[in-house]
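Student: I would like a close look at one part of this protein, its nonpolar interior. Could you walk me through it slowly?

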Amino acid sequence: MTLHKTCAIFDLDGTIIRASSEQVFLSTLLSQGEIPIPNLLAWTAHFLKVKSLSVAKTNKVYLRGLAVQPVHEIARRCFVDILRPSIAPHISELIHVHRAEGRTVVLMSGSLSLLVQPFHAYFETDLMVAHELEAVEGRFTGQRIGLHPYGENKAKLAEQLAAEHGFDLRHSYAYGNHHTDAHKLALFGHPVAVNPDRKLWKIAKENGWQIVE
């Protein structure tokens, strides 16, 4: 009998939680007056230029110059007060099942690492891949480090994980909710569309992927 080293990769927003973790975080920063007006204007100008929220979200200029530790504390409070209560009830059990069956459990999200980290600790997942931010002398620069885990990049990062850790993706599981997750899901032997948007629902139906509402 051949044994395969396998993993289960979970998306965060829309899969583990219904909400957008970054929208919750940004709303909290705005309500507390933490974002300097010049930062907000710069981000708004970028959004109007690219005319795409998904593209604009990769620009973290709104955090430029903010001290790292206070921002991390705000992110922690967002998790405790808002995000943790929105975790889908079956997720903890599902993660436990994958771990019991010997799979490496991975969180992979395009959200900020400071927002994904509390989930990583809460679920005690084995690996985490998220949107990493550059910080210099204890303050965020607004620049990204490395590949943004979004769209086709998630597929590239999943392949990198497989190469680094020896995962056999043909016998592994992947969970996602957005049509841009299809690139990643297509690599796996057990792709699962969780609360899929219309485009992902169609792709899942056409490919015979499992759909979980």
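Student: To set the scene, what share of the contacts in the protein with a separation of 6 or more comes from residues 24 or more positions apart? After that, please take me into the largest nonpolar core.

Tutor: Happy to, and please keep in mind that this is a predicted model. Residues 24 or more positions apart account for 58% of those contacts. The chain has 213 residues, and 47% of them are buried. Its secondary structure comes to nine helices and seven strands. The radius of gyration is 18 Å, which agrees with the value near 17 Å that a compact globule with 213 residues would have.

Now to the interior itself. In soluble globular proteins, nonpolar side chains tend to be buried together. Here the largest nonpolar core holds 40 residues, and the members that touch the most others are F10, I16, F25, L63 and F119. Helix α4, residues 68-83, supplies the largest share of this core, with seven residues.

Let us stop at F10. Setting aside neighbours within four places in sequence, F10 is in contact with I16, and also with I91, L94, I95 and H98. Its other partners on that basis are V105, V106, L107, M108 and Y175.

Next, look at L83, which lies in helix α4. L83 has a relative accessible area of 1%, so it counts as buried. Again leaving out neighbours within four places in sequence, L83 is in contact with I17, S21, V24, C78 and F119. F119 is one of the residues with the most contacts to other core members. V106, one of the partners of F10, is 23 residues from L83 along the chain, and their C-alpha atoms are separated by 19 Å.

As a biochemist you may wonder about the cysteines. C78, a partner of L83, is buried because its relative accessibility is 3%, and C7 is buried too, at 0%. A disulfide is a covalent bond between the sulfur atoms of two cysteines. A search of the whole structure finds zero disulfides.

One polar detail also deserves a look. H148 sits in the loop between β4 (139-145) and α7 (152-165). With a relative accessible area of 8%, H148 is buried. Its side chain makes a polar contact with the side chain of H131, at 3.3 Å.

Finally, a word on the outside: the protein exposes about 10900 Å², and carbon and sulfur atoms supply 53% of that area.

Methods:
Residues are numbered from 1 along each chain as its sequence is written. This is a predicted model: local features need pLDDT of at least 70, side-chain atom pairs count only at pLDDT 80 or more; totals for chains, interfaces and linings use all residues. Side-chain values use heavy atoms; hydrogens and water are left out. A nonpolar core is a set of buried Ala, Val, Leu, Ile, Met, Phe, Trp, Tyr and Cys residues joined through side-chain atoms within 4.5 Å. Buried means under 20% relative accessible area, exposed over 50%, partly exposed in between (1.4 Å probe, protein chains only). Helices (H or I, at least four residues) and strands (E, at least two) are DSSP runs, numbered from the N terminus. Contact means heavy atoms within 4.5 Å. A polar contact is a pair of N or O atoms within 3.5 Å; within protein, one must be able to donate a hydrogen and the other to accept it, and residues adjacent in sequence count only if both atoms are side-chain atoms. A disulfide is a pair of cysteine sulfur atoms within 2.5 Å. The radius of gyration is taken over C-alpha atoms; the globule rule is 2.2 Å times the number of residues to the power 0.38. Accessible areas come from the Shrake-Rupley method with a 1.4 Å probe; for residues, only the protein chains shown count as cover.
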